[in-house]
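User: I am new to this protein and would like to go through it step by step. Please look at the sequence and structure with me.

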Amino acid sequence: MKQAILTAPETIEFSEIERPEVKPNEILMKVKNIGICGSDIHAYYGKHPFMSFPIRLGHEMAGEILEIGSEVTGLEVGELITVMPQEFCHHCEPCREGRYNICDTLNVIGCQTPGAACEYFTVDAALVKKIPKGMTAELAATVEPAAVGVHAVRRSGSVKGMNVVVLGAGTIGNVTAQAAMAEGAKSVLITDLSDYRLELATKECGIPHAANTGKVSLKDAIEEAFGGEGADIFFECIGIGSTVNQAIECSKKGHDIIIVGVYGSTPQINMAWVQDREFRLIGSLMYVEKDFQDTIDYMDAGRIKMKPLISKVFKFDEYHDAFKYIENNKDQSLKILIEM
C-alpha cells in the first residue's frame with residue numbers, strides 16, 4: 001500500500017509498504033479522507049514542539065471497515081467510521097479520573113505514532129466511532145476538530161444562558177462558537193481579523209455576532225453584541241498572548257478564560273489582573289469519548305455545521321500541494337482534506 005511520510009521540513013515522501021495485519025483487538029480501515037490541522041502545519045514546517053521527523057501524519061480521519069479482529073464486537077465490515085486518535089495508558093491519575101485526554105504518557109495517532117496518511121490503517125477498535133447513515137466521509141473526517149470545540153466549551157462547566165466571546169474564527173474558533181450555541185449559550189460573539197472567516201461564521205454557521213477587531217475594539221464589539229450585560233466567558237482560540245490580554249481586559253471580575261489555542265512561543269500575560277480580579281485561566285486539550293460522540297450527534301442533527309468549513313479537497317498524491325495551498329491562502333483555508 002502507499003503511504004506518505006513527512007521526513008523533513010516541507011518534505012513529504014511517498015513509499016510502498018505491506019498492508020498491515022489486523023490484531024485481535026483491531027479493525028482494518030480503508031482510509032477515505034484525512035484532514036490537515038494546525039498541528040500538522042506546525043509539523044510540516046518543523047515547528048511543532050511535540051512532533052519529530054519522520055512522522056506519518058493523519059489524526060483526523062474517516063474510512064470504511066474492511067476487516068475486523070477476532071475479539072472485536074459491535075462493528076461490521078463496510079461501516080463508515082472515524083477514530084479518536086488518543087493512545088493512553090489507562091493507569092495514571094488522569095486516566096483513572098476519566099481525563100485520558102491528558103494521560104501522563106498520551107500519544108496522539110498521527111503526531112507521536114503513525115497516522116492515517118496511508119491507504120489502509122489498523123487501529124484499536126475501542127477508539128472507533130460509527131458514523132450515522134447519510135453523513136459523508138468528508139464530514140466524518142471533520143468530527144475530530146469539531147470535538148475539540150465541544151470539549152473546550154465543557155471545560156467551563158456550562159455556558160448555558162451565558163454571553164460567550166470566542167477569539168479567533170479559524171476552524172477551532174468556529175467550532176467552539178458553534179459548540180457554545182449547541183450547549184445552550186444565550187449568545188455568541190466571534191472575533192477575527194478576517195472578514196471572510198467572520199462572514200462564514202455568521203452567514204453559514206449561525207453564529208449570532210461577529211466583529212473584526214482590526215477595525216473595532218473588543219470592548220466596543222462586546223457592547224454592540226451584548227449591551228450592558230457584557231461577556232460572561234472567553235475562549236481564546238488563536239494562541240497569542242495579545243488576545244489573552246484582550247480577554248483579561250474585557251472580562252468581568254471572577255470569570256473564566258478558556259485557553260484553546262496552541263502557542264508557538266511563551267506569551268507575556270497580564271498576571272497582575274488575573275490575580276487581582278480572580279480570573280481563572282483554564283486549559284483545554286482534545287476531548288474525551290462523550291465529547292466525541294456528542295459531536296457526531298450534533299453534526300448529524302445539524303447543530304454543528306462542518307460542511308461550510310471544508311475549503312478544498314486534494315488527492316493523496318497532492319499532499320504537498322495541499323500545504324502550499326494553505327500557505328498561499330491562509331485567510332480562506334479552514335479545513336483542508338486529503339482524499340484517498
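User: Over the ring of which residue does the charged end of Arg 277 sit?

Analyst: This is a predicted model, and what follows is computed from it. The charged end of Arg 277 is 3.7 Å from the centre of a ring. A charge counts as sitting over a ring if it is within 6 Å of the ring centre and within 35 degrees of the ring normal. The ring in question belongs to Trp 273.

User: Over the face of which residue does Arg 19 lie?

Analyst: Here too an arginine is placed over a ring, with 4.8 Å to the ring centre. The residue under Arg 19 is Tyr 120.

User: How many residues apart are Tyr 44 and Phe 323?

Analyst: The structure holds 8 aromatic pairs. Tyr 44 and Phe 323 form a stacked one, 4.2 Å centre to centre with 0° between the planes. Tyr 44 belongs to helix α1 (residues 38-44) and Phe 323 to helix α11 (residues 319-328), so the pair links distant parts of the chain, and the separation is 279 residues.

User: Is Phe 323 buried or exposed?

Analyst: Buried means under 20% relative accessible area. Its partner Tyr 44 has 0% and is buried. Phe 323 has a relative accessibility of 2%, so Phe 323 counts as buried.

User: Which residues do ring pairs link into a cluster?

Analyst: Tyr 44 and Phe 323 form an aromatic pair, and both belong to a cluster linked by ring pairs. The members of the cluster are Phe 14, Tyr 44, Tyr 45, Phe 316, Tyr 319 and Phe 323.

User: Why do the buried residues of α7 line one face of the helix?

Analyst: Helix α7 covers residues 218-226, and its buried residues are Leu 218, Ala 221, Ile 222, Ala 225 and Phe 226. Seen down the helix axis, these buried residues fall within an arc, so they line one face of α7. On the other side, Lys 219 and Glu 224 are exposed. The arc that holds the buried residues is 100°.

User: Against which elements do the buried residues of α7 pack?

Analyst: The residues concerned include Leu 218 and Phe 226. Their partners are both strands and a helix. They are β10 (163-167), β11 (187-192), β12 (209-212), β13 (233-236) and α8 (241-250).

User: How many of the residues of β10 are buried?

Analyst: Asn 163, Val 165 and Leu 167 point one way from β10, while Val 164 and Val 166 point the other way. The residues on both sides are buried. The count for β10 is 5 of 5.

User: Which residue in β13 stands opposite Val 165?

Analyst: β10 pairs in the parallel sense with β11 over 5 bridges, and the chain crosses between these two strands through helix α5 (residues 171-182) in a right-handed β-α-β crossover. β10 and β13 also run parallel, joined by 4 bridges. In β13, the residue opposite Val 165 is Phe 234.

User: In β17, which residue is the bridge partner of Phe 314?

Analyst: Strand β17 (residues 335-339) has 4 of its 5 residues buried, so it is largely enclosed by the rest of the structure. Strand β3 (residues 26-36) pairs with β17 in the antiparallel sense over 4 bridges. Strand β16 (residues 310-315) pairs with β17 in the parallel sense over 5 bridges. The bridge partner of Phe 314 in β17 is Ile 338.

User: Through which helix does the chain cross from β16 to β17?

Analyst: β16 and β17 pair in the parallel sense. The link between them is a right-handed β-α-β crossover, and its helix is α11.

Notes
Residues numbered from 1 in each chain as written. Predicted model: local features only at pLDDT ≥ 70, side-chain atom pairs only at ≥ 80, totals over all residues. Heavy atoms only, no water. Buried < 20%, exposed > 50% of the residue type's maximum accessible area, 1.4 Å probe, protein only. Arc of directions from axis to C-beta. Contact = heavy atoms within 4.5 Å. Phe/Tyr/Trp six-rings, centres within 6.5 Å; stacked < 30°, edge-to-face > 60°. Pairing = 2+ DSSP bridges. Right-handed = clockwise from strand over helix to strand, strands pointing away.
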